[in-house]
Amino acid sequence: FGLPHIPSDEEYAESLNVAGMTGKVLPQSHKSALQAARFAEIALGALVHNEVTLAMELSNASVSCLKQCIITDTANRTFLFEVARAYFLLGCFRAFRGDMERYLKYRRVCMQHVSQIEDSESDQGPQLLVAAISYLDCWSYMVHNADEKKLPSIDDSIPRVEHGSCGRPSTSETEKEYGVSFATTKIVSDPKNQNWMQGAPPIFLNNEAPLNARSLDALSCAFRSCCDQANGRFAQMAAAVAAEQGGDPAAARSIGGDVSSSQEITATTSAVMAHEDELCSRNMVLSACTLLQQHESSTSIPNKNQGLHLIISAMDAFLENGDEDGSGGFTDSQIQSLLSVCNTTIENPFLLHHGGPTYHMISNAAILLCHLLNGMHAMRAGSNGAGGDDSDRAMEAAVFEEVYDTFISVRKLLNMHRRKLPVKLRCHGIPRPSVHGTPPDKPFIDLGETLMCGCRGCQGFVLMACSPCVAAERARSTNMKREIEANREGGEDQVELDKELNYLEAEFDLDDDALLNMLSRIISN
């Protein structure tokens, strides 16, 4: 996310610019805010290392610290940012645990605190935090197929962020043209951003914002736009299925579709349609890459930014249109991007825990490698050894082996990671090639055996080149398989350790709910 590091007590005391203030004499509420952020950050690290019990204990410690800084100094921007950061990190933790309702609540409380921080040229922390929220929101946007009606309703417990007195009016030509405000206080209080960020990307459009924040916000906009396009295609398929059944809406619902949703246009799609040359997904990814390179060249701190480069490579591969001769295959640059994504993941498996939809992107890159292997297998079977010289055949064999080795390795990592996740957060269950050899007339990897992700954007990668009827049948089958998977993992065969973790989580959830109830009463009043 590129957030600034959590300061030590001494660094924090120095930033307050108060005479005689040191880390030893900081007010307890300020110390608690710093401790809350530290505990929440380490909790995420424990979760990445599969130390689930430790992660929940650290998260609970963060909650306990935040209870000590609810009613305190709301005029100090440094304090407000650290509290907002702690709530954001707690929201990340809940997102990784699949707890959508508490994620949304912590996100809303974080935005409540950001709304009280006036923008400052010397402190760009709030802009970095808003960009981070925007990218994490992409995960929620994707999981719920951009349908806000599927989200838990939290407005009664944590009210929507109201327009505060902070923040300057939108005066620049860019703000007027795109209908946005560059002030973070206005961004978080915008009605359309209360459940997830939508519309034109304000941090990206602000030339004064940090380069890495602008890059992340551009990627978020590109991802939302791609999700909207996938949802549009799925809605058309659902409408076609309903039409074949005499206009029966139940036929569309059986594959997870809703005919009425085909008429809805999201705020992001409206913004992209109004400024297609500037905000189309392809240009957003190119801009994000350029901004990230500028950021890396302008900072003296060595940072590989592997996660952001992986996202850019994946989006670049996904958005490239076919090969040069128009036959619909893969271009050389597309293959290189896909291999780069998968090899980077193999070298750095922790990137599967990257916030937002990164895990899903890696899964879809692996699915595209399946399509590539199937295409190469079909070409090799079709040629039957004829055509081309020995050097060409040797080159094709070498490429096939390289892609195959990469696929097998990344598939293993993805399936191991998938088993650790709650069922509703899991992306594709990817099949393996047949161990008994593949007949020439059969695909090398049968993607029909894929247990598809519940996200329509992800399903589109598996269903490439499928007819609407076949795609609808596979979507219907996937919905049934995912229900069976969820029932099996929550049933009697649950292992004893998982049961103990569930008891522990339920106990700690009471502390979270107590904190959220206190916040609810304060914010409502």
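Is Asp512 buried or exposed? Select Asp512 and you can start the tour with the answer: Asp512 is buried, and its relative accessible area is 1%. Keep in mind as you go that this is a predicted model.

**Stop 1: Asp512 and its partner**

Leave Asp512 on screen and add Arg94. Their side chains come together in a salt bridge, with 3.1 Å from N to O. This pair joins distant parts of the chain: Arg94 belongs to helix 4 (residues 77-96), Asp512 belongs to helix 21 (residues 496-524), and the two are 418 residues apart. Arg94 is buried as well, at a relative accessible area of 4%. As general background, side chains of opposite charge can pair when their charged atoms come close.

**Stop 2: another bridge to helix 21**

Now select Arg102 and Asp509. These two form a salt bridge whose closest N and O atoms are 3.7 Å apart. Arg102 sits in helix 5 (residues 100-114) and Asp509 in helix 21, so this pair ties together parts that are 407 residues apart in sequence. Both ends are out of the way of the surface by the cut-off used here, under 20% relative accessible area. Arg102 counts as buried at 15% relative accessibility, and Asp509 is buried with a value of 13%.

Next, show Arg94, Asp99, Arg102, Asp509, Asp512 and Asp513 together. What links these residues? They are joined in a network of salt bridges, and the two pairs you have just visited, Arg94 with Asp512 and Arg102 with Asp509, have their residues in it.

**Stop 3: Asp316 and Arg282**

How many salt bridges does the structure hold? There are 16. For one outside the residues you have been viewing, select Asp316 and Arg282, whose side chains meet in a salt bridge at 2.6 Å, N to O. Here too the pair links distant parts of the chain, with Asp316 in helix 15 (residues 306-319) and Arg282 in helix 14 (residues 281-298), 34 residues apart. Compare how the two partners are covered: Asp316 is buried, with a relative accessible area of 18%, whereas Arg282 counts as partly exposed at 31%.

**Stop 4: a negative patch on the surface**

Turn to the surface and select Glu173, Glu177, Glu276, Asp277 and Glu278. Together they make up a patch of negative charge. Two helices, helix 7 (173-178) and helix 13 (276-279), each contribute at least two residues to the patch. Which helix gives the most? That is helix 13, with 3 residues. Pick out Glu276, which is found in helix 13. Glu276 is exposed, and its relative accessible area is 52%.

**Stop 5: the loop before helix 7**

Move to the loop between helix 6 (125-143) and helix 7, and select Asn145, which is found there. Asn145 has phi near 50°, a positive value in a residue other than glycine. Asn145 is also buried, with a relative accessible area of 11%. Then select Ala146, which lies in the loop between helix 6 and helix 7. Ala146 has a positive phi too, about 60°, although it is not a glycine. Its cover can be checked as well: Ala146 is buried, at a relative accessible area of 17%.

**Stop 6: the cysteines**

How many disulfides does a search of the whole structure find? The search finds 0. Select Cys453 and Cys455 to see why. The sulfur of Cys455 is the closest cysteine sulfur to that of Cys453, but at 3.4 Å it is too far for a bond, because a disulfide calls for sulfur atoms within 2.5 Å. Cys453 itself counts as buried, at 1% relative accessibility. Then try Cys280: its closest cysteine sulfur is in Cys221, 9.7 Å away, and that is too far for a bond.

**Stop 7: a last look at helix 2**

Finish by selecting Ala40, whose place is in helix 2 (residues 28-48). Ala40 is buried, with a relative accessible area of 2%. Add Glu57 to the selection and draw a line between the C-alpha atoms. Ala40 and Glu57 are 10.0 Å apart in space, C-alpha to C-alpha, and 17 residues apart in sequence.

Key
Residues are numbered from 1 along each chain as its sequence is written. This is a predicted model: local features need pLDDT of at least 70, side-chain atom pairs count only at pLDDT 80 or more; totals for chains, interfaces and linings use all residues. Side-chain values use heavy atoms; hydrogens and water are left out. Buried means under 20% relative accessible area, exposed over 50%, partly exposed in between (1.4 Å probe, protein chains only). Patches are made of residues with over 30% relative accessible area and no salt bridge: like charges are joined within 9 Å, nonpolar side chains (Val, Leu, Ile, Met, Phe, Trp, Tyr) within 5 Å. Accessible areas come from the Shrake-Rupley method with a 1.4 Å probe; for residues, only the protein chains shown count as cover. A salt bridge is a side-chain nitrogen of Lys or Arg within 4 Å of a carboxyl oxygen of Asp or Glu. Lys and Arg count as positive and Asp and Glu as negative; His and the chain ends are not counted. The place of a charge is taken as NZ of Lys, CZ of Arg, CG of Asp or CD of Glu. Helices (H or I, at least four residues) and strands (E, at least two) are DSSP runs, numbered from the N terminus.
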